[in-house]
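Biologist: I'm new to this one and would like to learn how to read it. Could you walk me through it, feature by feature?

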Amino acid sequence: MSARGGLATAVLACVVGALLALLAVTRTWAVQLQIQPPPLSALHVARSGTAEAPWLSALALVALAGAGALLATRGGVRSLVGGVVLLAGLGVVAGGGYGLAEVPGVRPLWPVLCLPAGLVVAAGGALAVARGRSWPAMGARYERPRPVSEVPPGVEPTEDRVHRIGPSPSDVAMWDALDRGEDPSR
């Protein structure tokens with residue numbers, strides 16, 4: 001698998017697993033019968049996975065945010081993010097198991113869906129831990145511009161490498177004209 005393919009696989013696994021987990025925890029896991037005093041009839045109270053295990057939706061959101069963080073980081077930080085995503089995926093698996101074992105009257109479909117969803121997230125995180133250091137980083141166009149004083153030693157500052165910090169004089173003149181109520185396009 002190529003480096004870009006590995007990154008895409010890990011990110012896709014995190015997104016798909018997190019979305020499946022979010023779908024599962026927002027559905028009804030159990031319906032409880034709440035007895036009312038006579039002459040009122042009993043109430044059927046639907047309990048979602050979020051009500052039964054509130055930390056499950058938080059872990060799914062961590063996995064979803066981790067997918068974006070895998071794209072934005074590089075090197076050791078990417079491996080660290082992969083570790084966090086791996087732990088979030090294992091937490092989702094544990095939450096599905098908790099729902100199956102501990103929730104009275106549980107409808108098993110939604111807690112069972114948390115199991116493969118968490119495993120997919122964990123696999124994406126494990127892939128990032130194992131190979132994330134060798135994956136390509138985002139392009140330099142997403143980084144802040146460097147002043148001439150920060151150009152690495154031995155690199156000749158050329159016109160395309162030297163960036164101004166702050167607005168250009170033409171931008172300042174345009175905004176000044178707008179402040180005065182003039183149309184700068186004329």
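Biologist: Let's begin with the rings. How many aromatic pairs does the structure hold?

Modeller: Before anything else, keep in mind that this is a predicted model. As for the general idea, a pair of aromatic rings is described by the distance of the centres and the angle of the planes. Here the structure holds one aromatic pair. Its partners are W55 and Y98, with 6.5 Å from centre to centre and 55 degrees between the planes, so the pair is tilted.

Biologist: Where in the chain do W55 and Y98 sit?

Modeller: W55 belongs to helix α3 (residues 55–72) and Y98 to helix α4 (residues 75–102). They are 43 residues apart, and the pair links distant parts of the chain.

Biologist: Are those two rings' residues buried, exposed or partly exposed?

Modeller: W55 has a relative accessible area of 38%, which makes it partly exposed. Y98 is also partly exposed, at 35% relative accessibility.

Biologist: Let me step back to the overall layout. How many helices and strands does the chain have?

Modeller: The secondary structure comes to six helices and two strands. If you read along the sequence, the pattern is α-β-β-α-α-α-α-α.

Biologist: And what share of the chain is buried?

Modeller: Of the 186 residues in the chain, 28% are buried.

Biologist: Which residues of the largest nonpolar core touch the most other members?

Modeller: That core has 14 residues, and the ones touching the most other members are A10, V11, C14, L70, V85 and W135. Helices α1, α3, α4 and α5 (109–131) each supply at least two residues of this core. Helix α1 gives the most, with five residues.

Biologist: C14 is a cysteine, which makes me think of disulfides. How many does a search of the whole structure find?

Modeller: The general idea is that a disulfide is a covalent bond between the sulfur atoms of two cysteines. In this structure the search finds zero disulfides. You can still look at where the cysteines lie: C14 counts as buried, at 0% relative accessibility. C114 counts as buried too, again at 0%.

Biologist: Now the outside. Which residues form a nonpolar patch on the surface?

Modeller: L12, V16, L20 and L23 do, and together they have about 300 Å² of accessible area. Take L20 as one of them: its place is in helix α1 (residues 3–25). L20 is partly exposed, because its relative accessibility is 31% and the cut-off for buried is under 20%.

Biologist: On to charges. How many salt bridges are there?

Modeller: The count comes to two salt bridges. In one, the side chains of E52 and R47 meet at 3.0 Å, N to O. In the other, R180 and E182 meet through their side chains at 3.3 Å, N to O.

Biologist: How accessible are the partners in each bridge?

Modeller: Let's take them bridge by bridge. E52 counts as buried, at 14% relative accessibility, while R47 is partly exposed, at 27%. R180 counts as exposed, at 55%, and its partner E182 is partly exposed, at 42%.

Biologist: I'd also like to see how places apart in sequence sit in space. How far is A72 from M138, in sequence and in space?

Modeller: A72 and M138 are 66 residues apart in sequence, yet 6.6 Å apart in space, C-alpha to C-alpha. A72 lies in helix α3. With 55% relative accessibility, A72 counts as exposed.

Biologist: What about A122 and A88?

Modeller: Those two are 34 residues apart in sequence and 7.2 Å apart in space, C-alpha to C-alpha. A122 is found in helix α5. Its relative accessible area is 6%, so A122 is buried.

Biologist: One last feature, the backbone. Which residues does a cis peptide bond join?

Modeller: The cis peptide bond joins P38 and P39, with omega at about 10 degrees. To find the spot, go to the loop between β1 (28–34) and β2 (43–48), where P39 lies.

Terms used:
Residues are numbered from 1 along each chain as its sequence is written. This is a predicted model: local features need pLDDT of at least 70, side-chain atom pairs count only at pLDDT 80 or more; totals for chains, interfaces and linings use all residues. Side-chain values use heavy atoms; hydrogens and water are left out. Rings of Phe, Tyr and Trp (its six-membered ring) pair if their centres lie within 6.5 Å; planes under 30 degrees apart count as stacked, over 60 as edge-to-face and the rest as tilted. Helices (H or I, at least four residues) and strands (E, at least two) are DSSP runs, numbered from the N terminus. Buried means under 20% relative accessible area, exposed over 50%, partly exposed in between (1.4 Å probe, protein chains only). Patches are made of residues with over 30% relative accessible area and no salt bridge: like charges are joined within 9 Å, nonpolar side chains (Val, Leu, Ile, Met, Phe, Trp, Tyr) within 5 Å. Accessible areas come from the Shrake-Rupley method with a 1.4 Å probe; for residues, only the protein chains shown count as cover. A salt bridge is a side-chain nitrogen of Lys or Arg within 4 Å of a carboxyl oxygen of Asp or Glu. A disulfide is a pair of cysteine sulfur atoms within 2.5 Å. A nonpolar core is a set of buried Ala, Val, Leu, Ile, Met, Phe, Trp, Tyr and Cys residues joined through side-chain atoms within 4.5 Å.
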